[in-house]
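Please write a brief report on this protein chain. Start with one residue of interest, then widen the view to the whole chain and its surface.

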Amino acid sequence: MSRVRTLRAEPLLIPLVVAGAVPAALGLWLPGPPPPGGDGLRVTAGLVLALLGAWMAADAVDRVYLCQPTPLGDRPPERLVRSGWYRVIRNPMAAGMTLLLAGEALLWSATAVLVWAAFVLAVSCVTTVRTEEPGLREAFGEEYAAYRRAVPGWIPGTSRTTGRRAADRRTY
């Protein structure tokens, strides 16, 4: 039986504020000197980082919050998500937001946006360790432990194990 998908605004508010409103305000009000190098290189690198980050964050929000009735922040999702960017790293939402913000920092030539990106990454790391991971361990037990062993947290290719076990290949 297929579930009808309805667009929920709540999961979209945080990314829109964190990666939209705040960097736009910082970029307009606190622009910095352009980084060394030509404008073409800066703009190209900024666009690549911003688009990659936006794709990662949007895919993660869709899989966790829009494809299942996941509450925001207080409980883990109904099922462990291991598809899309979650096959590559365990924290694609936070990593994507950080890449998006880094790209925006280059596009705005705003050091303040880069500082904001570092702050968002630090908050994400603390939240992951203190709230998300314990909740996922409690909710999914060995399934999460196996996923954690097979998929790196933040940087692709840094997993402690090589290859994925058949049980870790299931996608949701």
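E104 sits in helix α3, which covers residues 92–108. The model is a predicted one. E104 is buried, yet it has no salt bridge. The nearest side chain of opposite charge belongs to R42, 13 Å away. A salt bridge would need a side-chain nitrogen of Lys or Arg within 4 Å of a carboxyl oxygen. Which residues does E104 contact, leaving aside its neighbours within four places in sequence? They are A19, P23 and V113.

Now the whole chain. The protein chain has 4 helices and 0 strands. Along the sequence, the pattern reads α-α-α-α. Take the contacts between residues at least 6 apart in sequence: 74% of them join residues at least 24 apart.

The overall figures for the protein chain are these.

| Property of the protein chain | Value |
|---|---|
| Share of the 172 residues that is buried | 37% |
| Exposed area | about 10,000 Å² |
| Share of the exposed area from carbon and sulfur atoms | 67% |

On the surface, V43, L47, L51, L107 and W108 make a nonpolar patch of about 410 Å². Helices α2 (39–66) and α3 are the elements that give two or more residues to this patch. Which element gives the most? Helix α2 does, with 3 residues.

L51, one of the patch residues, is found in helix α2. Is L51 buried or exposed? L51 counts as exposed because its relative accessibility is 59%, and the cut-off for exposed is over 50%. Helix α3 thus appears twice in this account: it holds the buried E104, and it gives residues to the nonpolar patch.

Methods: Residues are numbered from 1 along each chain as its sequence is written. This is a predicted model: local features need pLDDT of at least 70, side-chain atom pairs count only at pLDDT 80 or more; totals for chains, interfaces and linings use all residues. Side-chain values use heavy atoms; hydrogens and water are left out. Buried means under 20% relative accessible area, exposed over 50%, partly exposed in between (1.4 Å probe, protein chains only). Lys and Arg count as positive and Asp and Glu as negative; His and the chain ends are not counted. Contact means heavy atoms within 4.5 Å. Accessible areas come from the Shrake-Rupley method with a 1.4 Å probe; for residues, only the protein chains shown count as cover. Patches are made of residues with over 30% relative accessible area and no salt bridge: like charges are joined within 9 Å, nonpolar side chains (Val, Leu, Ile, Met, Phe, Trp, Tyr) within 5 Å.
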